[in-house]
Amino acid sequence: MTAFGKLIRTTAFRLTLVYLFLFALFAASLLGYFAWNTRRLINEQITATVNAETGELVDIYTRRGLRILVPTIENRALRPGANLYLVTTPEGKAIRGNVDALSPGVMASIGWSETAYRRLDEQDTAHHRALVRVTELTNGFRLLVGRDLEERRRIFGIVAKAAQWSLLVVIVLGIGGGIFVARRVLRRIDAMTGTTRRIMAGDLSGRLPVGRSGDELDRLAENLNAMLERIEALMMGLKEVSDNIAHDLKTPLTRMRNRAEEALARSGSEAEYRAALERTIDESDGLIRTFNALLMIARAESGQARGNMDDFDAADVAKGIHELYEPLAEDDGMTLRVNAETARLHGNRELISQALANLVENAIKYGKPSPVVQPLDPSAAARTREILIEARREGDRVLLSVIDHGPGIPEGDRKHAVERFVRLEASRTLPGSGLGLSLASAVATLHGGELQLGDSHPGLTATLVIPALSAAADRLAAQTPDVPQKVA
C-alpha cells in the first residue's frame, strides 16, 4: 500500500473529513441564513420606501388632481436614482414616467409584483428587475411606483461569492489539517508498530515511544510500556525458574538414579533393596515438596488463590503454627514462643499459614546462634536459642513476625534471598530447596502486602506485612480482576 493510501485510510483523516463536512454544512447554512435575511431586509426597506412615496403621490392626486400629479412625477423621474414612476390612462397608455417597457400584465395587476423593465433613458435593450406597486386612482388612472433590485442583486452576489470562497478555504484548510494530523498520528502509530514487531521477534527490551504532549497516545504508550515491563519481568522470572529447576533439581534426580543403579548392581538381600527404595522414596518426597512449593508460588503470583479469601484472626494462625512446630523446635534444641494479639484480616488462611510456617521452619533450621559467639550467661544463652512468633496490628496493617537470634541475613543479601532457589553460603550445607522465602513473599504480595526482612541484633526478623481487615477490602477491590488460568 502506498504512503498516500495508508494516509487516507487512517481514522484521523476520516474523522477530519467528517468534521470538515459538518463544518462546511454549518457554514453554508449560516451564510444561507445571512443571505436570506439580507434579501428580506432589503425587500422591507424597498417596500417601506415605495409605500411612503405612493402615499404622497396618491395624496397629491386626491387633493390637486392629475394636472399637478403629472409634473410631480415628471420631476421625480428626472432625479438620479433607482426609483421608478409611471402614470397610465384607464386604457393603459403611458402619460408620464421613466419606464419604457414592463412585463405583460403588470399594470393590470393591482398591488405588489416583481417585474422586468427597461428605462426610457437607456439606449440598449437590457432588461432589469424591479419591485413595483401598482395603485388604481380615481377615474381609472393607474400609478406605478417601484425600485430597481440591482442593489439587492449585488449584495446577494457578494454574499454568494463570500460563501464560495469561504467554503473553498474551509475545504482546503480542512483537508490540509486532516493530512497533517493523519501524518502525525500515522508516524506515531508506525513507530509503535515497529516496536511491537521487534517485541514479537523476541526483543522484550523494546519500548513504545512516549512524547511530551501527554495525549491519549502517550497514555496508551505508557500503559503498554508498563505492561511490557511486567511481561519482561515475568519472562525473566520464568527463565530463572527454568534455569534454577534444571540446576537445582538435576542433583537430586541424578542422586536418585545413581542410588537405584547402585542398588541394582551391589545389593543382594531384601533389606538392602528395601533401604535403597526407602532412600529413593525420601528423595522423591523432597522433589514433590519442591514442585508443590513452586505450584503454590505460581498460584499466589498469578492471583488464582484470591477466590478463597475470608475474614479471620491472625492471632489464631500464629497460635496454630506455634502449637504445630513447638515439638520440632524442642527436638532441635530451640524454644518456640508466641505473642499474639487480636488482628483481623481478609485473606487466604491456608496460604498465610503456609507462609508463616515457612518462616518458622527457616528460623528453626538457620536461626541457631553461632557457636563462636555463645554467651557465658546461661540465661542469655537460652534467649539466643529462642524463636518468637508475633501477631499484632499496627495502624491499618497486620504484622506476622518470626524473630530468631541466629546469624541472620546480611542487608545486602536480603533482596536476593527471596528469589526462587536462592540459598546463601551459610545455608548450603543444610537441606532445603530455597523456596521458603519466595513463597512467603508471593503470599504477601497476593494480599497487597510485602515480606520485610530486618535485623534483630543478632538474628533475623522476617515479617509478613498484610493490610488489616478495613484496609484489605479497599486494596483488593482496586486490583484488576484475575483471568482464570490453567495449570497443565
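Student: What links E390, R392, E394 and R397?

Tutor: A network of salt bridges joins E390, R392, E394 and R397. This is a predicted model.

Student: What makes a pair such as E386 and R337 a salt bridge?

Tutor: The rule asks for a side-chain nitrogen of Lys or Arg within 4 Å of a carboxyl oxygen of Asp or Glu. In E386 and R337 the closest N and O atoms are 2.9 Å apart. That distance is within the 4 Å limit, so the pair counts as a salt bridge. E386 sits in strand β10 and R337 in strand β8, 49 residues apart, and the pair links distant parts of the chain. R337 is called partly exposed because its relative accessibility is 37%.

Student: How many salt bridges does this rule give?

Tutor: The count comes to 13.

Student: Why is it said that R76 and E56 tie parts together?

Tutor: Start with the bridge itself: the closest N and O atoms of R76 and E56 are 3.1 Å apart. R76 belongs to helix α3 (residues 66-78) and E56 to helix α2, so the salt bridge ties together parts that are 20 residues apart in sequence.

Student: Is R76 buried or exposed, and how do you know?

Tutor: Buried means under 20% relative accessible area. R76 has 13%, so it counts as buried. Its partner E56 has 43%, so E56 counts as partly exposed.

Student: Where do E44 and R40 lie?

Tutor: Both are in helix α2, four residues apart, which is about one turn of the helix. Their closest N and O atoms are 2.9 Å apart, and they form a salt bridge. An α-helix has 3.6 residues a turn, so residues three or four places apart point the same way.

Student: What makes E44 partly exposed?

Tutor: Partly exposed runs between the 20% and 50% cut-offs. E44 has a relative accessibility of 43%, so it falls in that range. R40 is partly exposed too, with 35%.

Student: Which residues make the nonpolar surface patch?

Tutor: L15, V18, Y19, F21, L22 and L25 make it, and the patch covers about 630 Å². V18 is placed in helix α2 (residues 11-64).

Student: How do you know that V18 can belong to such a patch?

Tutor: Patch residues need over 30% relative accessible area. V18 has 45%, so it passes that cut-off. The value also makes V18 partly exposed.

Student: Why is helix α12 called largely enclosed?

Tutor: Of its 11 residues (436-446), 10 are buried, so the rest of the structure largely encloses it. Among the buried ones are G436, L437, S438 and L439. After α12 comes G448, with a positive phi near 80 degrees.

Student: What makes the phi of N139 worth a remark?

Tutor: Most residues other than glycine have a negative phi. N139 is not a glycine, yet its phi is positive, about 65 degrees. N139 lies in the loop between β5 (128-136) and β6 (142-148). Its relative accessible area is 65%, over the 50% cut-off, so N139 is called exposed.

Student: Where is the kink in helix α8?

Tutor: It lies at Y325, shortly before the proline P327, and is about 45 degrees. The helix has 18 residues (314-331), and its first and last C-alpha atoms are 26 Å apart, close to the 26 Å expected.

Student: What do the buried residues of α8 pack against?

Tutor: They pack against β7, β8, β9, α9, β10 and β11. Y325 is one of these buried residues; others include A314, V317, I321 and H322.

Student: How do you know that T461 is buried?

Tutor: Its relative accessible area is 16%, under the 20% cut-off, so T461 counts as buried. T461 is in strand β13 (residues 460-467). Leaving aside neighbours within four places in sequence, its contacts include V402, I403 and Q452.

Student: How many helices and strands does the protein chain have?

Tutor: The chain has 13 helices and 13 strands. Of its 488 residues, 38% count as buried. The chain exposes about 29,100 Å², and carbon and sulfur atoms supply 57% of that area. Among contacts between residues at least 6 apart in sequence, 62% join residues at least 24 apart.

Key. Residues numbered from 1 in each chain as written. Predicted model: local features only at pLDDT ≥ 70, side-chain atom pairs only at ≥ 80, totals over all residues. Heavy atoms only, no water. Patch = residues over 30% accessible without salt bridge, like charges linked within 9 Å, V, L, I, M, F, W, Y side chains within 5 Å. Areas by Shrake-Rupley, 256 points an atom, 1.4 Å probe, with all protein chains shown as cover. Helix = DSSP H or I, 4+ residues; strand = E, 2+ residues; numbered from the N terminus. Buried < 20%, exposed > 50% of the residue type's maximum accessible area, 1.4 Å probe, protein only. Contact = heavy atoms within 4.5 Å. Expected span 1.5 Å × (residues − 1). Bend = angle between axes of the 7 residues up to and from the residue.
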